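User: Could you take a close look at one part of this model for me and walk me through how its residues are arranged? I'd love one connected account that I can follow with the structure open.

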Amino acid sequence: MTLVASGFRRLSVFPRLQLCQGLRKGFSKNMACSVSVDNCDTVHPATDAYAGEAVEALKAGKVIAVPTDTLYGFACDACSMEAVNRIYEIKGRRHTSPVAICVGDVSDIARFAVTDHLPHGLLDSLLPGPVTVVLNRGDSSILERSLNPGFDSIGVRVPDCNFIRIIARGSGTALALTSANLSGQPSSLSIKDFENLWEHCAFVYDGGLIPSSRAGSTIVDLTTPHKYRILRPGSAKEETVAILEKHSFVEAETT
């Protein structure tokens with residue numbers, strides 16, 4: 001895959017955006033309900049028309065399932081520890097495994113993590129996209145310390161997916177975001193992949209089949225100035241490394 005000056009080659013992301021925005025011709029609530037009559041009140045298309053409903057569910061401390069540019073995920077208000085704990089329960093995940101957060105725009109990241117050591121334009125080159133950047137929280141972060149206790153850093157996502165970005169903006173805070181599956185099981189590329197977990201969600205938003213390899217986002221540690229460390233190769237390692245090296249970052253030595 002080739003790169004453009006501003007970051008990832010956008011042409012390859014267009015199909016994902018189309019699915020995430022629910023722009024397929026004729027995609028309606030009736031189509032979402034065709035999955036199961038019993039789940040008509042739970043499963044809705046991931047379109048702007050349902051964004052307000054999703055925001056209200058998040059503000060009420062509920063867990064919802066949403067499409068991203070890589071996988072389907074469970075999302076909740078990152079500042080509601082009751083909701084975050086609910087995600088751990090749904091996934092059967094150990095609380096020692098941290099969760100990432102999702103924000104609506106790159107400019108929001110500085111509210112939750114330290115970014116002033118990064119070169120101008122770096123985050124805008126990486127994001128929105130299939131990358132999780134790990135940054136130090138710092139003393140000015142508005143995240144509660146009870147989120148990921150024992151960790152001074154936080155993984156941050158800005159997915160290249162319109163629906164989740166709209167609801168993140170509408171929530172006014174960060175969303176806790178993790179893959180929609182039982183811990184240790186394959187990740188989900190369609191809502192059918194985690195149908196057994198729908199009952200635990202206030203709403204499940206259907207963005208169609210996500211054209212991805214199930215590798216998830218590339219996770220890169222940027223806590224050290226001018227150095228990077230790939231924590232998970234994910235779906236965009238080569239593109240991520242190329243952007244980092246363009247900004248004069250070097251790979252940190254492993255110990």
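Analyst: Glu56 and Lys59 are exposed on one side of helix 3. Keep in mind as we go that this is a predicted model. Helix 3 spans residues 51-59, and its buried residues are Ala51, Ala54, Val55, Ala57 and Leu58. These buried residues cover an arc of only 160° around the axis, so they sit on the same side of helix 3. The general rule behind such a pattern is that an α-helix has 3.6 residues a turn, so residues three or four places apart point the same way. Glu56 and Lys59, the exposed residues we started with, are on the other side.

What lies over the buried residues? The cover of helix 3 includes strand 2 (64-67), strand 3 (72-77), helix 6 (162-171), strand 7 (175-179) and strand 8 (203-206). Just past the helix, look for Gly61, which follows helix 3 and has a positive phi, near 80°.

Let's now follow strand 3, one of the elements that cover helix 3, to its aromatic rings. A search of the whole structure finds four aromatic pairs. In one of them, the rings of Tyr72 and Phe194 have their centres 5.9 Å apart, and the pair counts as tilted because the planes are at 45°. Tyr72 belongs to strand 3 while Phe194 sits in the loop between strand 7 and strand 8, so this pair ties together parts that are 122 residues apart in sequence. Tyr72 and Phe194 are both buried.

Phe194 also pairs with Phe74, this time edge-to-face, with 5.9 Å centre to centre and 85° between the planes. Here too distant parts of the chain are linked, as Phe74 is in strand 3 and Phe194 in the loop between strand 7 and strand 8, 120 residues apart. Phe74 counts as buried because its relative accessibility is 0%, and Phe194 is buried with a relative accessible area of 1%. Taken together, Tyr72, Phe74 and Phe194 form a cluster linked by ring pairs.

So what should you keep on screen? Start with helix 3, where Ala51, Ala54, Val55, Ala57 and Leu58 are buried and Glu56 and Lys59 are exposed on the other side. Then add strand 3, part of the cover over those buried residues, and finish at the cluster of Tyr72, Phe74 and Phe194.

Methods: Residues numbered from 1 in each chain as written. Predicted model: local features only at pLDDT ≥ 70, side-chain atom pairs only at ≥ 80, totals over all residues. Heavy atoms only, no water. Buried < 20%, exposed > 50% of the residue type's maximum accessible area, 1.4 Å probe, protein only. Helix = DSSP H or I, 4+ residues; strand = E, 2+ residues; numbered from the N terminus. Arc of directions from axis to C-beta. Contact = heavy atoms within 4.5 Å. Phe/Tyr/Trp six-rings, centres within 6.5 Å; stacked < 30°, edge-to-face > 60°.
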